[in-house]
Amino acid sequence: MATKAPKKNEVAKQKNEVAVISEQDEMFDAVASSGKYLPRLQMFGAKSGAVSEGKVQMATYALVTAKDKYIQLGATVDCLPVAWRPEAMDMSGETVINVHDHKSSEFKRIQAQSDVADSRCMFGPEFLVWVPSLRKFATLFMSSKSARNEAGPIREFTPQGDREASPMTLSVELASTKKFKWHVIKAS
């Protein structure tokens, strides 16, 4: 049995309906999104630009919601890490490059470049955390050498197998060598 082709007016009507739905979707997306990324939870050490500019206190955590928009949380923050993934980020060009496939050549390129001083490249585990005091999800990117060292303990709080996520408290400690001092993330 042959299907009858729709009349020209019916096709035009269907195309108009799709255009209206598509236009509504575009309008919704334009007003429903506050930004391209989730906010990020960040520990601000002494050498942070935001600290030196007086926007955030030294050795504290803040939720970064947009460029130069910070919600200060203090020297400790309670959160629930619900997932993690690998991330490599290259901020050296006009467009930020984020890669999550740790086996890809681009991830490996960024990872190697992160060892070069002032390369604006970094890598490490990125955690999705729930910050109950703000009732918000945020990312926590463990991208420095010191942060990557603490990523293992943070992972112990994430869901694994039959184990559910566990609440954790992030604090700040001062690390030092004979030449340098810097602030590091600690999880408990």
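Is phenylalanine 44 buried or exposed, and what is its relative accessible area? The exercises below treat a predicted model.

**Exercise 1. Classify phenylalanine 44 and its ring partner.**

Solution.
- Step 1. Take the accessibility of phenylalanine 44. Its relative accessible area is 2%.
- Step 2. Apply the cut-off. Buried means under 20%, so phenylalanine 44 is buried.
- Step 3. Look for ring pairs. A search of the whole structure gives two aromatic pairs.
- Step 4. Take the geometry of the pair formed by phenylalanine 44 and tyrosine 70. The ring centres are 5.7 Å apart and the planes meet at 85°. Planes over 60 degrees apart count as edge-to-face, so this pair is edge-to-face.
- Step 5. Place both residues. Phenylalanine 44 belongs to strand S1 (residues 40–44) and tyrosine 70 to strand S3 (residues 69–74), so the pair ties together parts 26 residues apart in sequence.
- Step 6. Classify the partner. Tyrosine 70 has 23% relative accessibility and counts as partly exposed.

**Exercise 2. Find the polar contacts made by the side chains of serine 104 and serine 114.**

Solution.
- Step 1. Locate serine 104. It sits in the loop between strand S5 (97–99) and H3.
- Step 2. Check its accessibility. At a relative accessible area of 17%, serine 104 is buried.
- Step 3. Trace its side chain. The serine 104 side chain reaches the backbone nitrogen of phenylalanine 107 at 3.1 Å.
- Step 4. Move to serine 114. This residue is in the loop between helix H3 (105–113) and strand S6 (121–131).
- Step 5. Trace that side chain. It reaches the backbone oxygen of glutamine 111 at 2.6 Å.
- Step 6. List the contacts of serine 114. Setting aside residues up to four places away in sequence, serine 114 touches Ser119, Cys121, Met122 and Phe123.

**Exercise 3. Identify the charge that sits over the ring of phenylalanine 123.**

Solution.
- Step 1. Start from the ring. Phenylalanine 123 is also one of the residues touched by serine 114.
- Step 2. Find the charge. The charged end of arginine 148 sits over this ring, 4.0 Å from its centre.

**Exercise 4. Describe the surroundings of alanine 151.**

Solution.
- Step 1. Place the residue. Alanine 151 is in helix H4 (residues 145–155).
- Step 2. Classify it. With a relative accessible area of 5%, alanine 151 is buried.
- Step 3. List its contacts. Beyond its neighbours within four places in sequence, alanine 151 is in contact with Pro125, Phe127 and Met142.
- Step 4. Compare sequence and space. Alanine 151 and lysine 186 are 35 residues apart in sequence, with 9.2 Å from C-alpha to C-alpha.

Conventions. Residues numbered from 1 in each chain as written. Predicted model: local features only at pLDDT ≥ 70, side-chain atom pairs only at ≥ 80, totals over all residues. Heavy atoms only, no water. Helix = DSSP H or I, 4+ residues; strand = E, 2+ residues; numbered from the N terminus. Polar contact = N/O pair within 3.5 Å; in protein donor to acceptor, adjacent residues only side chain to side chain. Contact = heavy atoms within 4.5 Å. Phe/Tyr/Trp six-rings, centres within 6.5 Å; stacked < 30°, edge-to-face > 60°. Buried < 20%, exposed > 50% of the residue type's maximum accessible area, 1.4 Å probe, protein only. Lys NZ or Arg CZ within 6 Å of the ring centre and 35° of its normal.
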